Amino acid sequence: MRNLFNLENFSIEKSKALALVLHSADISHPGKPWTIHHAWTESLMEEYFKQGEKEKELGLPCSPLCDRDNTLVAESQIGMMKNKKTKGYLFDLF
């Protein structure tokens, strides 16, 4: 039992640990009270939409969730979960 808590041989890449913390913070707001979750969602979506507008200005295709005219906010989280890049993200870290 004592060896289970021996941290001498324990190692983790700092970048992976920080990515896990950041991702956990990113996905935690749905667990907050509605007023906090709603405010975060509005702020995040506005940031995405501004990015999409900048992409359009530069003649680039809009990134997923960044097109103000074609993104349904209520369905955006479902789309994020189905996105291959984020699927299993937490498990891929370690």
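Is C66 buried or exposed? In this predicted model, C66 is buried, with a relative accessible area of 3%. That residue is a good place to begin a walk through the structure, and the paragraphs below return to it after a look at the chain as a whole.

The protein chain contains four helices and zero strands. Read from start to end, its elements follow the pattern α-α-α-α. Of its 94 residues, 17% count as buried. The chain exposes about 8100 Å², and carbon and sulfur atoms supply 60% of that area. Contacts along the chain can also be sorted by how far apart the partners sit in sequence: among contacts between residues at least 6 apart, 32% join residues at least 24 apart.

Helix α2 offers plenty to look at. This helix covers residues 34-57. With 24 residues, α2 reaches 34 Å from its first C-alpha to its last, close to the 34 Å expected at 1.5 Å a residue. Its buried residues are H37, T41, L44, M45, F49, G52 and E55. A general point about helices is useful when looking at such a list: an α-helix has 3.6 residues a turn, so residues three or four places apart point the same way. T41 makes a handy example from the list. T41 has a relative accessible area of 18%, and it counts as buried because the cut-off for that label is under 20%. Leaving aside residues up to four places away in sequence, T41 touches H29 and V73.

What follows α2? The helix is followed by G59, whose phi is positive, near 75°. Another positive phi, of about 70°, belongs to L65, although L65 is not a glycine. As background, most residues other than glycine have a negative phi. L65 lies in the loop between α2 and α3.

Helix α3 can be explored through S76, which lies within it. At 10% relative accessibility, S76 counts as buried. Which residues does S76 touch, not counting those up to four places away in sequence? The partners are M45, L65 and T71. Two of these names have already appeared: M45 is one of the buried residues of α2, and L65 is the loop residue with the positive phi. S76 and M45 are 31 residues apart along the chain, and their C-alpha atoms are separated by 9.2 Å.

Charged side chains come next. In general, side chains of opposite charge can pair when their charged atoms come close. A search of the whole structure finds five salt bridges. One of them links K54 with E57, the closest N and O atoms being 3.7 Å apart. Because K54 and E57 are three residues apart in helix α2, about one helical turn separates them. K54 is partly exposed, with a relative accessible area of 45%, whereas E57 counts as exposed at 60%.

K56, also in helix α2, takes part in salt bridges with residues of the following loop, and its own relative accessibility of 42% makes it partly exposed. D67 forms a salt bridge with K56, the closest N and O atoms being 3.0 Å apart. D67 lies in the loop between α2 and α3 (73-82) while K56 is in helix α2, so this pair ties together parts that are eleven residues apart in sequence. D67 counts as buried, at 14% relative accessibility.

K56 also forms a salt bridge with D69, and here the closest N and O atoms are 3.5 Å apart. Since K56 lies in helix α2 and D69 in the loop between α2 and α3, the pair ties together parts that are 13 residues apart in sequence. At 63% relative accessibility, D69 counts as exposed. Elsewhere, salt bridges that share partners join E46, E53 and R68 into one network.

Finally, the text comes back to the cysteines. How many disulfides does the structure hold? The number is zero. C62 is in no disulfide, and the nearest cysteine sulfur, that of C66, is 6.5 Å away. The pair is not counted as a disulfide because that label calls for sulfur atoms within 2.5 Å. C62 is partly exposed, with a relative accessible area of 27%, whereas C66, the residue of the opening question, is buried at 3%.

Conventions. Residues are numbered from 1 along each chain as its sequence is written. This is a predicted model: local features need pLDDT of at least 70, side-chain atom pairs count only at pLDDT 80 or more; totals for chains, interfaces and linings use all residues. Side-chain values use heavy atoms; hydrogens and water are left out. Helices (H or I, at least four residues) and strands (E, at least two) are DSSP runs, numbered from the N terminus. Buried means under 20% relative accessible area, exposed over 50%, partly exposed in between (1.4 Å probe, protein chains only). Contact means heavy atoms within 4.5 Å. Accessible areas come from the Shrake-Rupley method with a 1.4 Å probe; for residues, only the protein chains shown count as cover. A salt bridge is a side-chain nitrogen of Lys or Arg within 4 Å of a carboxyl oxygen of Asp or Glu. The expected span of a helix is 1.5 Å times one less than its number of residues.
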